[in-house]
Amino acid sequence: MMVDLHMHTTYSDGTDSVKELLKKVEDIGLEVISITDHDTCNAYFEMEKFNVKEIYKGDIIVGCEFSASFDNRTIEIIGYGFDYKVVNKYLEKFYDETLIEKRTEILFNRLFAKINELGLEFYIPRENIPINKYYEIAIYNELKKYPDNMKKVKEKVWDSFSDFLRKGLNNRDSLLFINKTEFYLSSEKVVNLIHENGGIAFLAHPYQYKFADTEEFLDKIYNEDALDGIECFYTTFSEEQTNYLLAFAKKRNLLISGGSDYHGTLKQNHYLGVGRGNLKISKNIINKYKIGKYYQ
C-alpha cells in the first residue's frame with residue numbers, strides 16, 4: 001500500500017477542491033495522505049463539514065507546508081500531526097491579507113528595480129501587471145521572450161519558471177535575487193510552532209531548492225534547527241539524491257517523509273502517489289511518527 005504526504009488544494013496553489021482531491025486519492029487506492037497546503041490549514045476546516053469517509057476511506061494526517069527562511073534563503077518546512085486550529089490562527093495573523101498586499105508590492109517593486117538595474121528587455125507596461133501572488137510568472141513569461149536577457153543574465157534561470165524562481169529570485173548568489181526572507185517566518189520559529197502544537201517538522205524537498213551546496217546546507221540546518229525529519233522521496237529527485245537523503249536521515253536518526261507535491265494542473269508530471277511514475281512510497285515510513293491522524 002502507498003502513501004502520499006505532500007499535496008495541495010485550491011486553498012493554496014492547487015487546482016483540485018478538497019472533495020475532488022479526496023475522490024482521486026480514493027480512486028487510486030492511497031492508504032494514507034496528508035494535504036499540505038501552503039501556509040494554511042483551511043482544508044481541514046472544510047473536512048469538518050462533511051463525512052470524509054464517504055469519499056476517502058484511508059487515513060489522513062494533518063499537514064501544512066510552511067514558507068520559511070534560513071541562512072538568508074527561502075525554504076519550506078512541512079509539519080504533520082499538529083493542532084491545526086491553533087496553528088491556523090497564527091498563520092492567519094501572520095498572513096493577514098493587508099500585510100500580504102504590502103509585502104507583495106514591496107517585492108514587485110524590488111523586482112522591477114532589478115530589471116531596470118540589469119537593463120533587461122521588458123515591454124509590458126508595469127501598470128498592466130496585477131500585483132498578486134502570480135506576478136512573478138507574468139514577469140518571467142515576458143522576460144524569457146527576449147534572447148538579449150539571457151545574454152545579460154548568463155545563469156541557468158530561463159528553462160522554466162521553477163528555475164527562474166529557485167535559481168534566480170530566491171538565490172542569494174543570483175543577479176536576480178530579490179531577498180524575500182524578511183517576509184517569512186524563520187525556520188526555527190516554524191519548527192517551534194509545529195512542536196508547541198504537538199506536531200513533527202520536516203525539511204521539504206531539499207534538492208528542489210536547486211542550491212549549489214545542498215549537502216552543506218543540509219548539515220547546517222540539521223545543526224541549527226530541531227527538525228524531526230526530511231522529505232526524502234519526491235517527484236523530481238533522482239535515485240542518487242533520494243539515496244543520499246535516506247543515508248543522511250539514517251545517520252542522524254531523522255524521520256523520513258515523501259510525496260508527489262501534487263498541484264493538479266499547475267505542476268506537470270506530479271501525479272498523486274507515483275510522482276513521475278516511479279514514486280511509490282511505502283506506508284512503513286510513517287511507523288515511527290508519534291502523532292495522531294485526522295478524525296472528525
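**Group meeting: a walk through the model**

I will start with one strand, β4: eight of its eight residues are buried, so β4 is largely enclosed by the rest of the structure. Before going on, note that this is a predicted model.

How do the residues of β4 point? Gly63, Glu65, Ser67 and Ser69 point one way from the strand, while Cys64, Phe66, Ala68 and Phe70 point the other way. Both sets are buried.

Now the partners of β4. Strand β4 covers residues 63-70 and runs parallel to β6, with two bridges joining them. Across that pairing, Ser69 stands opposite Ser186 in β6. With β5, strand β4 runs antiparallel, and here eight bridges join the two. One position to look at is Ala68, which stands opposite Ile75 in β5. As general background, strands of a sheet pair through backbone hydrogen bonds, in either a parallel or an antiparallel sense.

Which sheet do these strands belong to? It is an open sheet of six strands, in the order β6-β4-β5-β7-β8-β9, with mixed pairing. The edges are β6, residues 185-186, and β9; each has a single partner strand, so one side of each is left without a neighbour in the sheet.

Let me go back to the turn between β4 and β5. The hairpin has two residues between its strands, and Asp71 there takes a positive phi near 55°. Asn72 lies in the loop between β4 and β5. The phi of Asn72 is also positive, near 60°, and Asn72 is not a glycine. Is Asn72 buried, exposed or partly exposed? Its relative accessible area is 36%, between the limits of 20% and 50%, so Asn72 counts as partly exposed.

Another residue with a positive phi is His205, at about 20°, and again this is not a glycine. His205 lies in the loop between β7, residues 200-203, and α9, residues 214-224. Its relative accessibility is 1%, so His205 counts as buried.

There is also an open sheet of four strands, in the order β3-β2-β1-β10, and its pairing is mixed. At the edges stand β3, residues 59-60, and β10, residues 281-282; each has a single partner strand, so one side of each has no neighbour in the sheet. Strand β2, residues 32-33, pairs with β3 in the parallel sense over two bridges. The bridge partner of Ile33 is Ile60 in β3.

Next, the interior. In soluble globular proteins, nonpolar side chains tend to be buried together. Here, the largest nonpolar core has 70 residues. Which of them have the most contacts inside that core? They are Met47, Ile75, Ile77 and Tyr289. Ile75 is the residue in β5 that stands opposite Ala68. Apart from the largest core lies another, of 21 residues, including Leu111, Phe164, Leu169 and Ile178.

Phe164 and Leu169 bring us to helix α7, residues 161-169. The buried residues in this helix are Asp163, Phe164, Leu165, Arg166, Gly168 and Leu169. What covers them? The covering elements include β5, residues 73-80, as well as α4, residues 97-118, and α5, residues 135-143.

For a contrast with the interior, take Lys89, which is found in helix α3, residues 84-94. Lys89 is exposed, with a relative accessible area of 63%. In sequence, Lys89 and Cys41 are 48 residues apart; in space, their C-alpha atoms are 9.4 Å apart.

Last, a pocket. The second largest pocket holds about 210 Å³ of space. Which elements give two or more residues to its lining? These are α10, residues 239-251, and β9, residues 255-259. Strand β9 is also one of the edge strands of the six-stranded sheet. The residues lining the pocket are Ala249, Lys250, Asn253, Leu254, Leu255, Ile256, Asn284, Ile285 and Lys288. By class, the lining has five nonpolar, two polar and two charged residues.

To end where I began: β4 has eight of eight residues buried, and it pairs with β6 in the parallel sense and with β5 in the antiparallel sense.

Definitions and conventions: Residues are numbered from 1 along each chain as its sequence is written. This is a predicted model: local features need pLDDT of at least 70, side-chain atom pairs count only at pLDDT 80 or more; totals for chains, interfaces and linings use all residues. Side-chain values use heavy atoms; hydrogens and water are left out. Two strands pair if DSSP finds at least two bridges between them. Buried means under 20% relative accessible area, exposed over 50%, partly exposed in between (1.4 Å probe, protein chains only). Contact means heavy atoms within 4.5 Å. A nonpolar core is a set of buried Ala, Val, Leu, Ile, Met, Phe, Trp, Tyr and Cys residues joined through side-chain atoms within 4.5 Å. On a 1 Å grid over the protein atoms alone, a cavity is a set of points where a 1.4 Å probe fits but cannot get out, and a pocket is an open set with protein on both sides within 12 Å along at least five of seven lines; lining residues have an atom within 4 Å of a point. Grid points are joined across faces, edges and corners, and a volume is the space filled by probe spheres set on the points. Ala, Val, Leu, Ile, Met, Phe, Trp, Tyr, Cys and Pro count as nonpolar, Asp, Glu, Lys and Arg as charged, and the others, Gly among them, as polar.
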